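Hi everyone, and thanks for making time for this. I'd like to walk you through one structure, so please have the picture open while I talk.

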Amino acid sequence: MSERRLHHADSTAFRKAMRALSSGVAIVACGDGDRRIGCTVTSIASLSLTPPTLFICLARSSSTLASLEETGAFSVNLLAARHQALAHRFSGRGGVHGPRRFEGAEWIALATGAPVLADALAAFDCIVEEAIERHSHVIVLGAVVSLREGIDEPALAYTRGDYAAAGRAKLRQ
Ligand SMILES: Cc1cc2nc3c(=O)[nH]c(=O)nc-3n(C[C@H](O)[C@H](O)[C@H](O)COP(=O)(O)O)c2cc1C
């Protein structure tokens with residue numbers, strides 16, 4: 001449909017209704033040494049299995065976006081419930097920016113050299129396949145070139161503006 005005929009819903013109402021979505025939480029990271037940079041994201045999903053490809057959405061203003069476009073590689077680290085403080089730090093809400101966000105956790109490198117959280121639930125090492133600019137954000141497609149799986153434990157979730165633990169409690173039939 002052409003932009004001219006589109007009548008978008010109200011942004012504030014959209015934002016409020018989207019709070020009902022429960023999402024997994026991840027840290028996107030890139031660069032190395034003193035040039036490491038990363039941020040907390042919930043906008044991550046698998047795009048295709050063959051070839052293994054995922055996507056994330058980053059604000060145009062994100063310094064992580066600028067860095068991953070420069071280096072051409074990034075990692076996506078899925079967080080466990082016990083990583084809540086790390087998610088908070090990488091969101092910048094505690095006032096911590098740049099490489100200082102990486103302090104106090106163990107980071108390793110896989111194929112691309114992007115920092116990978118050693119004890120993530122799962123981590124994906126990606127090469128930037130394409131960056132698609134759309135509205136306030138950029139959709140980054142990541143070709144997964146390497147990955148690592150951690151132990152099975154409760155995941156960190158984000159819903160209604162708060163962190164929560166996502167277990168695997170069975171639903172009653
Ligand atoms: C739970 C949560 C989820 C977030 N998800 C995203 C996201 O998907 N994309 C994004 O651009 N920012 C997201 N943010 C905001 C970034 O983490 C935040 O703006 C960060 O400071 C950006 O850092 P940077 O400018 O160093 O890249 C999220 C924040 C929180 C608390």
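Let me start with a term: two strands count as paired if DSSP finds at least two bridges between them. Please also keep in mind that this is a predicted model.

With that term in hand, look at the sheet. Seven strands make an open sheet, and their order is β3-β2-β6-β9-β10-β5-β4. The pairing is antiparallel. What stands at the edges of the sheet? β3 and β4 do, and each has a single partner strand, so one side of each is left without a neighbour in the sheet. From one strand to the next, the twist averages 35°.

Now let's walk across some of those pairs. β2 and β6 run antiparallel and are joined by four bridges. Within that pair, I27 stands opposite N77 in β6. On we go to β6, residues 73–78, and β9, residues 122–134: six bridges join these two, again antiparallel. Two places to find on your screens are V76, whose bridge partner in β9 is F124, and F74, which stands opposite C126 in β9.

Next come β9 and β10, which pair in the antiparallel sense over 12 bridges. I127 has A143 in β10 as its bridge partner. These two strands form a hairpin, with two residues between them. Please zoom in on that turn and find H135, in the loop between β9 and β10. Its phi is near 55°, a positive value in a residue other than glycine. Is H135 buried or exposed? It is exposed, because 7 other C-beta atoms lie within 10 Å, and the cut-off for exposed is 12 or fewer.

The last pair on my tour is β5 with β10, residues 137–149: seven bridges join them, and they run antiparallel. Here A59 has H137 in β10 as its bridge partner.

Let's return to β6. Six of its six residues are buried, so this strand is mostly covered by the rule of 20 or more C-beta neighbours. A general point helps here: in a regular strand the side chains alternate between the two faces of the sheet. So which residues sit on each side of β6? On one side are A73, S75 and N77, and on the other are F74, V76 and L78. They are all buried, and both faces of the strand are covered.

That leads us to the nonpolar core. In soluble globular proteins, nonpolar side chains tend to be buried together. In this model, the largest nonpolar core has 35 residues, and those that touch the most other members are A26, I27, V28, C30, F74, V76 and L79. Strand β2, residues 26–30, gives the largest share of this core, five residues. F74 is a nice one to click on. Leaving aside neighbours within four places in sequence, F74 is in contact with V28, A29, C30, L68, A114, C126, V128 and G142.

For a contrast, let's look at L54, in strand β5. L54 has 19 C-beta neighbours inside 10 Å, so it counts as partly exposed. Among its contacts beyond four places in sequence are I44, L47, V76, F124 and V144. Have a look at L54 and A143 together: they are 89 residues apart along the chain, and their C-alpha atoms are separated by 6.8 Å.

Now for the ligand. How many residues surround the ligand? The number is 16, and the closest are C39, V41, S43, T64 and G92. The elements that give two or more residues to this shell are β3, β5 and α2. The largest share, four residues, comes from β3. As for chemistry, the shell divides into eight nonpolar residues, eight polar and no charged.

I'll finish with two backbone details. T50 and P51 are joined by a cis peptide bond, with omega about 0°, and P51 lies in the loop between β4 and β5. R160 is in the loop between β11 and β12, and has a positive phi, near 50°, in a residue other than glycine. R160 counts as exposed, because it has 9 C-beta neighbours inside 10 Å.

That's my tour, and thanks for listening!

Technical notes: Residues are numbered from 1 along each chain as its sequence is written. This is a predicted model: local features need pLDDT of at least 70, side-chain atom pairs count only at pLDDT 80 or more; totals for chains, interfaces and linings use all residues. A residue is near a molecule or strand if its C-beta atom, placed from the backbone, lies within 6 Å of it. Ala, Val, Leu, Ile, Met, Phe, Trp, Tyr, Cys and Pro count as nonpolar, Asp, Glu, Lys and Arg as charged, and the others, Gly among them, as polar. Axes are lines fitted to C-alpha atoms, for helices over the stretch in contact, and angles run from 0 to 180 degrees between N-to-C directions. A nonpolar core is a set of buried Ala, Val, Leu, Ile, Met, Phe, Trp, Tyr and Cys residues joined through C-beta atoms within 7 Å. Two residues are in contact if their C-beta atoms, placed from the backbone, lie within 7 Å.
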